[in-house]
Amino acid sequence: MVTSVASSANSAQDDAFALLREIWQGCWRRDSWTSASLFRLFLVFLLSTLCSWLGIVLSRQSEGVATIWLSNGLIFGVLITQPRHRWLAYFLAGLCADTLADMLYGDPFRLAFGVSLANSLEVVYSTLLLTLWLGSPLDLSKRKSLVGFLLVSVLGATALTSALGAWWTLLLVPGPSWAEMFRIWYLGDMLGMAVVAPLVIMAQRPAFFSMFQRKHLAHTLLVLTYSMVVTALVLMDSSDPLIFFMFPTFLVVTFRLGLPGTVVNIFLFTLMAIGFTVKGHGPLMLIAGDHMLLHRIVIAQIFAGVAIFTMFPVAALLEEKEDLKNSLAASEARYRKLAHADDLTGLPNRRAFNLRLEKAWTEAFFSGEQVALVILDADLFKQYNDVAGHPGGDACLRSIAQVIASTVERVQGFGARIGGEEFAVILSGTSEQRACEVAEQIRLSVAALALPHPANSFGIQTVSLGVAVRVPFGEQASSELVKLADQALYSAKLSGRNQVVCG
């Protein structure tokens, strides 16, 4: 047991070193970067600088409270979806962006760099740990990945960053106690990671934009508009505690738009809730006091956090349920197809033929159209099998099946293997002349294969075909059509084989 634990620990350590080596060495290889990837890196740097600047603006407008810190979630969301050999560059881009934004607001380099380094450690810690634990890419539609993200990135990494950032800030600038500084940082940082990172990760999935496609756009806009209207009405009312109305609204969005819609909705709600609270509107104004802005913002952050930790798992569970339903449907269709398919040739089998013939017969009975049936048999196939052996005989049958499959595809018919060397083709709404032409095409195509057959007078493998065409009437059954086609086939064989007889 001890040996097993030690071996597991050594394996995890080796994986970690291998990952770090790949990150470091890959970043400096010329083939790791293209003009498009460099442009993307520069764009992320600009967006991260803007997000950091907005975070500082929001904190200055809310008496120094870090209401929501956007840049860490942005960098993590981009980093976790990029190839590992580019991680170091994105980490440095985020570090430089945060430092630049802080310095633009007047912070000295020493303070700005230390705080930015603490923020960057949050991204590094989250990315490395989640990759080693869950692998890559990170799929937030899976419950395990989502729970891992919420625990590691949203709760754990943000706590580490907030602790280090509060310590570094108080080391250089006198202020409140470390515990109070930590609380101010932690909730805003946690909220930014929980809201922005999933949005960035989801936005890089092609499926994310399906809800904005033309056929889904009206429904998506209707659901999101409904949610935003309810949010605005709740947040404009400062006299009643109506915020509980939001959870039914969240559920509507979750069930109608899934995880991508839930991420977008929670993001918009969080921005609106913090904005209204900072401006002095909403049910949180019922918290009495002249200097209660910090407390109100904290409650707004906690409410948004509860919404995230409630709705995201529900949405992920619904996505897993939908994936499972689709997987079961696909499996059922696959097994149904296998049950109706011939193992050797891949054509439909006798059971599938019987079902299709009955369906075609019934439809023709009500429409008054003709149904044509072609039955064909490989001539002297037992002798071919004796000469070529069973593998050669199987190959011959597969070749004939391919001819039938390609022919029925062109004429929109239905081909099947209904016996050992016997095949059939159903042609709905087809005249006798056209059915005989299709049968002749099959005969010629099989002969063109030129499969050597010494026991056949033609020297090659040939087929004989019988054709029957009828309009169903009265109590006549589809078996009558089969009987007539069989009789025509028998006549073709008696007449020397390698020919078509229309009954």
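A polar contact here is a pair of N or O atoms within 3.5 Å; within protein, one must be able to donate a hydrogen and the other to accept it, and residues adjacent in sequence count only if both atoms are side-chain atoms. The model is predicted, with local features needing pLDDT of at least 70 and side-chain atom pairs pLDDT 80 or more, while totals for chains, interfaces and linings use all residues. Residues are numbered from 1 along each chain as its sequence is written, and side-chain values use heavy atoms, leaving out hydrogens and water.

**View 1. Asn 349 and its polar partners.** A polar atom of the Asn 349 side chain lies 3.0 Å from the backbone nitrogen of Ala 352. For the backbone nitrogen of Arg 351, the distance to a polar atom of that side chain is 3.3 Å. Asn 349 counts as buried (under 20% relative accessible area, 1.4 Å probe, protein chains only), because its relative accessibility is 15%.

**View 2. The largest nonpolar core.** Such a core is a set of buried Ala, Val, Leu, Ile, Met, Phe, Trp, Tyr and Cys residues joined through side-chain atoms within 4.5 Å. This one has 75 residues, and Phe 76, Phe 149, Phe 250 and Ile 308 have the most contacts inside it. Apart from it you will find another core of 29 residues, including Ile 400 and Val 446.

**View 3. Around Phe 149.** Contact means heavy atoms within 4.5 Å. Leaving aside neighbours within four places in sequence, the residues touching Phe 149 include Phe 76, Leu 130, Met 193 and Pro 198.

Definitions and conventions: Buried means under 20% relative accessible area, exposed over 50%, partly exposed in between (1.4 Å probe, protein chains only).
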